[in-house]
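Subject: Structure handover

Dear colleague,

I am passing a structure on to you, and I would be grateful if you could look it over before reading my notes. The sequence and the model come directly below.

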Amino acid sequence: MTEDMNILKPFMALCLMQALPCAVRAAQPDSVYVFPYPTTNDHGRRGMQFVWSADGEHWQDVAEGMVIMRCDFGAWKYMYRPRLIQDRQDGRLHCFWDLDPEGSAIGYASSTDLIKWTPQEYFMATEQGKFAVKDGRMPVVDTVQVGDKTIAGYALKVPYRMVEGLERHGIYRSALNAQRGERAEHDAARFAGLQTVNARITVDEGRAKPISDNLIGVFFEDLNYAADGGLYAELVQNRDFEYSEADGNKDRNWNSRYAWSVEGEGMAFDVSTEQPVHPNNPHYAVLDVAQPGGGFTNTGFDGIAVKEGEKYDFSLFTRTPDGKGGGKAVVRLVDPQGKTVAETTVTLSSKTWKKREAVLKATATVAQARLVIIPQSAGRYALDMISLFPQKTFKGRKNGLRADLAQAIADIRPRFVRFPGGCLAHGDGVDNIYHWKETIGPLEARKPAANIWRYHQTRGLGYFEYFQFCEDIGAEPLPVVAAGVPCQNSGIGGPSHHSKDIVTSLGQQGGIPMEEMGQYIQDVLDLIEYANGDAKTTRWGRERAKAGHPEPFNLKYIGLGNEDLISRVFTERFTMIYEAIQAKYPDIVVIGTTGPFSEGTDYEEGWALADRLKLPMVDEHNYNTPGWFIYNQDYYDHYDRHKSKVYLGEYAAHAPGRPSNIETGLAAALFLTSVERNGDVVSMTSYAPLLAKEGHTQWRPDLIYFNNTEVKATVDYYVQQMYGQHAGNKYLPSTLTVDNRRHDVRSRVGVSVVKDGESGDLIVKLVNLLPVAVKTDVEIPSLAGHQAVGQKTVLSGRPSDTNAVPVESAMEIGEKFPYEMPAYSFTVIRIKRECK
Ligand code: AHR
């Protein structure tokens, strides 16, 4: 046995070894060799490709080098030395690969056809006995020339039909990919010579069916500085001195001193952890003032934006550790030229921690002011939780939200708000799972945490504030809690952080240890009590009342898990939590998860689990190309109406460069016409992500970009807004006839008609993703005998336009009316009717 063959030893307990010629030779005419090898050429993820050979000497690509299976482990997703073993009994192919160069951890999946694979399992090399194939046909060591590379690996003999199946699958995938890759920039060539298209739409109100009235919501995640430095109105950065190297930020100054400095003479600044204001908030600043005059400065999040005439609440916790010094400090806002634009004083002397407050009124509008605290006497001062809030927060809430951003979200008219993520909800490794209890109560007692997106969460925007925001904008709260496992892309562990427990306790495959699951489940149940429990008789209801909200928040939904790997570790924990919620709160709609994609193993396994547990709803995610959305308008038409409902919790059209433009916006608008049609099975949708701060954007596209003074809505934002503001609770079937037989033409025109039960209005949505106008005759027989008034909103432009905004105007409406959909446009026609 060559040294390399040691790698196979553990898997072959009862296997018969083949001979090991230098070049392998096929013994049966109907069997060929396949040779798997890892590639890096798969969007940065390591996947497995194959070559095949009839004689073991001449090799060729399978399916033109298509990636057959990708490794899903951790953030690094490496695949080393894939090898296949075939079970002689049932023919199943078992694939093992190493997760690191040393082979200390192993990935495993199996398949009957090399196309569909079981969920991946990961284990330490020391545990591999439990995955041994009892009676397996072993691969043989071989060296194969792939392109200009010579790769050493393992070749296995399989029936040729498997290679044939892969080839067919490859052809199918290429055809799909070609459709999915269709881009508007090629429309001039694709649709050269295409004249105006004519269409006829007939609406049948008699066959109206009820649909969800919660279809449009928003997905909020603290990503791209969406919370601290974003929606959360706090203006002081690192107010708690809890920034830490452990947050993983790439800025080498990212530590408890971040954003703070001393200006002037006579003062030194240090950080201490002795007798903190609260154990959850251990770091604080100590100013050693030898001679008054110097200032302690915070630069905010890219500066502090203030407006002339507006008031700002300043507060801090302070004590004088030596009992010496004290007196007052001047607090100023200073513009970049050094001019004071607001000033007040606070008292600093106190032997024990004391909160001090003052109000600053700005005398000028400044985009990038800084905060300066100037102690007026020599001495040592401990300072923590140094905070500055505009008084004009959204709805004037204390510890509230930035008014313009919150209003932009409210203007979508979302029926629900999902929070706190996304990946943030289940965190980077088990220790980073988001625990809601750490985010409520007095700010100084909340537990800050590293953000999975590599910055810091103060938790100032915590569960209470989320619930309150939902109430303030009339949206259902939709919290998402981890299903006992962290993000499947957890970056903890991996080759560079290698430890012996890479698999079992770190990264995606770790779960909350079983002995701690009882407490975790209790925490989830307590969350429901916090939202809905009686303010007097329940412990967590009392906490809510203490925070100022005795009335329940009427929580109806809870998301359990976020696009998790549907592994054994996940399934066990998900089931335990789900059953506990069901037993105690049978009316709560628990939303399961079907992985990150609209197809594949997690999608299938997630649905299988939902079927087994009869879940009320599942959360599907679908980031895809504009082409995918154009050609998959029938995606939900075939969903079984008796199974779980769907929450399309994250989706967006992703074009190269990740813009939000007319092309991506219209692709989403077109797909949403099909979602409305399927509003009996799709209950909710939320485009993702919602917010991104300029200069701190980690993920594109987002619905709203912002800086400290501006809010910039995208084309996709307007699409959401047009759907949110013109939603209905009944779907009116319509027939759309287009005078062009081309599939690509017909697929780019969409219609949806709904009725808003409250106003009785009919709403016609029309999408045209063609470079030519579509002349439409709309017929709504049920308008006969009515006086109808129409208001149309049109969003259109060139496909690459990022600045298009909707334009509203009145239009004449009758039982039959013409409408010309402009090229590349989304139109909403709202029809009010009165009896004649
Ligand atoms: O929306 C951004 C990220 O996309 C979410 O955190 C995650 O759930 C998904 O992969």
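What follows is an account of the ligand site, two helices that pack together, one enclosed helix, two buried charged residues and some unusual backbone geometry.

Please keep in mind that this is a predicted model, in which local features need pLDDT of at least 70 and side-chain atom pairs count only at pLDDT 80 or more, while totals for chains, interfaces and linings use all residues. Residues are numbered from 1 along each chain as its sequence is written, and side-chain values use heavy atoms, with hydrogens and water left out.

**The ligand**

The residues around the ligand, meaning those with a heavy atom within 4 Å of it, include Phe-219, Glu-221, Gly-422, Cys-423, Trp-453, Glu-563, Tyr-623 and Trp-699. Three of these residues deserve a second look for their polar atoms. A polar side-chain atom of Glu-221 lies 2.5 Å from an oxygen atom of the ligand, an N or O atom in the side chain of Glu-563 is 2.6 Å from a ligand oxygen, and for Cys-423 a polar backbone atom is found 2.8 Å from an oxygen atom of the ligand.

Gly-422, one of the residues around the ligand, sits in the loop between strand 26 (416–419) and helix 4 (423–426); here helices (H or I, at least four residues) and strands (E, at least two) are DSSP runs, numbered from the N terminus. The peptide bond from Gly-421 to Gly-422 is cis, with omega near 20°.

**Other backbone features**

As background, most peptide bonds are trans, and most residues other than glycine have a negative phi. A cis bond also joins Arg-700 and Pro-701, with omega about -10°, and Pro-701 is placed in the loop between strand 35 (691–693) and strand 36 (704–706).

Two asparagines have a positive phi. For Asn-399, in the loop between strand 25 (379–390) and helix 3 (403–410), phi is near 50°, and this residue is buried (under 20% relative accessible area, where exposed is over 50% and partly exposed is in between, with a 1.4 Å probe and protein chains only), at a relative accessible area of 16%. For Asn-554, in the loop between helix 7 (539–546) and strand 30, phi is about 55°, and the residue is partly exposed, with a relative accessible area of 49%.

**An enclosed helix**

Nine of the 10 residues of helix 5 (residues 463–472) are buried, so this helix is largely enclosed by the rest of the structure. Among the buried residues are Tyr-463, Phe-464, Tyr-466, Phe-467 and Asp-472. What covers the buried residues includes helix 3, strand 26, strand 29 (476–481), helix 6 (514–532) and helix 7. Helix 5 is followed by Gly-474, with a positive phi near 70°.

**Two helices that pack together**

Helix 8 (residues 568–584) and helix 9 (residues 601–613) pack at an angle of about 35°, with their axes 12 Å apart; axes are lines fitted to C-alpha atoms, for helices over the stretch in contact, and angles run from 0 to 180 degrees between N-to-C directions. Phe-570, Thr-571, Phe-574, Thr-575, Tyr-578 and Glu-579 in helix 8 meet Leu-609, Arg-612 and Leu-613 in helix 9, where contact means heavy atoms within 4.5 Å.

Ser-567 is found in the loop between strand 30 (557–560) and helix 8, and is buried, with a relative accessible area of 5%.

**Two buried charged residues**

Arg-830 belongs to strand 46 (residues 825–835) and is buried, with a relative accessible area of 16%. A polar contact (a pair of N or O atoms within 3.5 Å; within protein, one must be able to donate a hydrogen and the other to accept it, and residues adjacent in sequence count only if both atoms are side-chain atoms) of 3.5 Å joins its side chain to that of Ser-759. The backbone oxygen of Gln-725 lies 3.3 Å from a polar atom of the side chain of Arg-830.

Glu-663, in helix 11 (residues 662–677), is likewise buried, with a relative accessible area of 5%, and a polar contact of 2.8 Å joins the side chains of Glu-663 and Arg-183. Not counting residues up to four places away in sequence, Glu-663 touches residues including Glu-182, Ala-184, Pro-626 and Leu-769.

With best wishes
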